[in-house]
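Reader: I'm in my first year and still learning to read protein models. Could you take a close look at one part with me, the aromatic rings, and talk me through it?

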Amino acid sequence: MEKFLLRLDRIAGGRQAGVSISDESRNHPKTKRAFTWIAWLLAAELLIGVAAVVIALALTLSGEPQPFSVWMRTLVVLGMTATLFYFAWRAAKGWIWAYSRLRLFSQIFPVITLVLAAIPGLYPAWMITEQIIFSLIMIGIADFLTSDHMRDAYRRPEKSAA
């Protein structure tokens, strides 16, 4: 299975797919604690995403059809959360590319989500609330990833002069 995952890492991580941090940094208590919190926050994101599907389905079945944008948003959130879980798992194993992707997306997604929530009429009020909560959780994940310890632990190795 790891062989398949390394191939997937190569696709997701590009040239940096094989670059990892030291075992000391990976096993540091602060690193482990950060990824424990990140896993819990991503689990909360997953629950919010599933709840959004349930709410949209319940409203639709009760005669209040939801717009296409709601269904698209729910699918995107679930797919995105699955991707972020993968990045978090691989980053916790020490892969720098995964940490970089997770950090980037945890900083970008809240901005995109809040901008979309601000578009009048795009989403119903319940989904705007869901998006704000989603964004706050993502900001929490970004906060863990941008701590001094995590940035030091996942610093790219210096290129040797050849």
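Author: Let's start with F144, which is partly exposed, with a relative accessible area of 26%. That value falls between the limits of 20% for buried and 50% for exposed, so F144 is placed in the middle class. Please keep in mind that this is a predicted model.

What does the ring of F144 pair with? The structure holds eight aromatic pairs, and one of them joins F144 to W37. The centres of these two rings are 6.0 Å apart and their planes meet at 15 degrees, so the pair is stacked. The reasoning uses two cut-offs: centres within 6.5 Å make a pair, and planes under 30 degrees apart count as stacked. Along the chain, the two partners are 107 residues apart: W37 belongs to helix α3 (residues 29-61) and F144 to helix α6 (residues 125-145). The pair therefore links distant parts of the chain. W37 is also partly exposed, at a relative accessible area of 48%.

Now for another stacked pair, Y99 with Y154. Here the ring centres lie 4.4 Å from each other, with 15 degrees between the planes. This pair too links distant parts of the chain, with 55 residues from one partner to the other. Y99 sits in helix α5 (residues 96-117), while Y154 is found in the segment after α7 (148-153). Are these two tyrosines buried or exposed? Y99 is buried, with a relative accessible area of 3%, and Y154 is buried as well, also at 3%.

Rings can join up beyond a single pair, too. Y86, F87, W89, W97, F105 and F109 are linked by ring pairs into a cluster. One member of that cluster, W89, has a charged neighbour: R90 lies over its face, 5.0 Å from the ring centre. Elsewhere, the ring of F134 has the charged end of R73 over it, at 4.9 Å from the ring's centre.

To set these rings in their surroundings, step back to the whole chain. Its secondary structure consists of seven helices and zero strands. Of its 162 residues, 36% count as buried, and Y99 is one of the buried ones. Among contacts with a separation of 6 or more, 77% are between residues 24 or more positions apart. The W37 and F144 pair, at 107 residues apart, gives you a link across distant parts of the chain to look for in the view above.

How values were computed. Residues numbered from 1 in each chain as written. Predicted model: local features only at pLDDT ≥ 70, side-chain atom pairs only at ≥ 80, totals over all residues. Heavy atoms only, no water. Helix = DSSP H or I, 4+ residues; strand = E, 2+ residues; numbered from the N terminus. Buried < 20%, exposed > 50% of the residue type's maximum accessible area, 1.4 Å probe, protein only. Contact = heavy atoms within 4.5 Å. Phe/Tyr/Trp six-rings, centres within 6.5 Å; stacked < 30°, edge-to-face > 60°. Lys NZ or Arg CZ within 6 Å of the ring centre and 35° of its normal.
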